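Colleague: Could you walk me through reading this one? I would like the general idea each time, then the case in front of us.

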Amino acid sequence: MIEQQPETLEEPVTGVPRLDQVDLSLRTSAEEEAELLKAAQRRILHLRLINGGQLSEGRLGPPVCIVFEGWDASGKGGVIKRLVASLDPRHVRVTAYGAPTPDELRHHFLWRFFPHLPGWGGMAIFDRSWYGRVLVERVEKLATEPQWRRAYEEISSFERSLALEGMIIIKLWLHISHEEQLRRFEARRDDPLKAWKLTDEDWRNRDKRDDYTAAVQDMLDNTDQELAHWDVISAEHKRHGRVAVLHTVIERIEEGMRRWGIDPPPPNGVDYWDP
């Protein structure tokens, strides 16, 4: 485990992202996606082996926790599949979260996430997360207003404490339009091998798009911080969203490594991507 203190505890403030400013027209061709994903996956593997101690004489790097949130059918599963494609399954944990169980409801809402947090040298990916408290639980009134309003500070303090102990927290919101979501819903409905992904709840949530949009923007406004930024990804075009996520993950991991005194190796002349 790294014992020295980080070079700096703060990062420059980049500004809170706004949903109404996301450019959903961005596109990536199939040829570009294949080339860029291959290079990005190799880079992620290299960084993962360094932080995991396999290429650093057993010296463990900071833990990496990647949090995925986004609209239903925004492509989280496909992105995660490509994010971990080059990694040994023993070196990364992917956990998907749904509604809390009756036992989990007996505890503080953050309790159920602790067992899956990565330690030094580890990497974890959360398909949905503690942000359910200020999104679905807020909109569906599964949490009281005092509870979800209080959760902004609880979440921010939780993430900051983890970051100060070394964790690289990468938070991603996959953004698509209401129209594109409908197109994907209909495609799932008509595909017998994908229809299982679509539920009555998904259709009901579409009717509350305005409420969810307000909740998402409040989430971004209240929980974006120096050591746990939100990155909003334009995922209207699936190929673009996949490439954007992998390159954002690379940038955030490299930033976190430098904060803890680890210089990422040169990318061997590969020009990863300029969005």
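Colleague: Let me start with a single residue: does glutamate 57 count as buried or exposed, and at what relative accessibility?

Modeller: First, keep in mind that this is a predicted model. Glutamate 57 counts as exposed, because its relative accessibility is 84% and the cut-off for exposed is over 50%. Glutamate 57 sits in the loop between H1 and E1. Its backbone is worth a look too: phi is positive, about 55°, although glutamate 57 is not a glycine.

Colleague: And alanine 73, what is its phi and where does it lie?

Modeller: Alanine 73 also has a positive phi without being a glycine, with a value near 70°. Its place is the loop between E1 and H2. At 8% relative accessibility alanine 73 counts as buried, since buried means under 20%.

Colleague: Let's turn to the sheet. How should I read it, and what is the strand order?

Modeller: The general idea is that strands of a sheet pair through backbone hydrogen bonds, either parallel or antiparallel. Here the sheet is open, with 5 strands in the order E2-E3-E1-E4-E5 and parallel pairing. Strand E2 (93-96) and strand E5 (230-234) are the edge strands, each pairing on one side only. From one strand to the next, the twist averages 20°.

Colleague: Which strand could I use as an example of pairing, and how many bridges are involved?

Modeller: Take strand E1 (residues 64-70), which runs parallel to strand E3 (residues 123-127) and is joined to it by 5 bridges. For a residue pair to find on screen, valine 67 has phenylalanine 126 as its bridge partner in E3.

Colleague: Where does helix H2 lie relative to the strands?

Modeller: Helix H2 (residues 76-83) lies across E1, E2, E3 and strand E4 (168-175), and runs at about 155° to E1.

Colleague: Now the helix pairs. What numbers describe the packing of H2 and H8?

Modeller: Two packed helices are described by the angle between their axes and the distance between the axes. For H2 and helix H8 (residues 238-259), the angle is about 50° and the axes are 10 Å apart. H2 is therefore oblique to H8. The crossing of H2 past H8 is right-handed. Val79, Arg82 and Leu83 of H2 meet Arg242, Val245, Leu246 and Val249 of H8. By class, that contact has 5 nonpolar and 2 charged residues, and no polar ones.

Colleague: How do H1 and H8 cross, and at what angle?

Modeller: The axes of helix H1 (residues 30-51) and H8 come within 9 Å and cross at roughly 25°. H1 and H8 therefore count as roughly parallel to each other, as the angle is under 35 degrees. H1 passes H8 in a left-handed crossing. The contact includes Leu36, Leu37, Ala40 and Ile44 of H1, and Leu246, Ile250 and Ile253 of H8. It divides into 12 nonpolar, 3 polar and 5 charged residues.

Colleague: One last residue: what does histidine 237 touch?

Modeller: Leaving aside residues up to four places away in sequence, histidine 237 touches Leu26, Arg27, Thr28 and Arg184. Its place is the loop between E5 and H8. With a relative accessibility of 16%, histidine 237 counts as buried. If you want to see how sequence and space relate, histidine 237 and valine 64 are 173 residues apart in sequence and 27 Å apart in space, C-alpha to C-alpha.

Terms used: Residues numbered from 1 in each chain as written. Predicted model: local features only at pLDDT ≥ 70, side-chain atom pairs only at ≥ 80, totals over all residues. Heavy atoms only, no water. Pairing = 2+ DSSP bridges. Helix = DSSP H or I, 4+ residues; strand = E, 2+ residues; numbered from the N terminus. Axes fitted to C-alpha atoms, helices over the stretch in contact; angles between N-to-C directions. Contact = heavy atoms within 4.5 Å. Parallel < 35°, antiparallel > 145°, perpendicular 65-115°, else oblique. Left-handed = near helix turned anticlockwise from the far one by under 90°. Nonpolar A, V, L, I, M, F, W, Y, C, P; charged D, E, K, R; others polar. Buried < 20%, exposed > 50% of the residue type's maximum accessible area, 1.4 Å probe, protein only.
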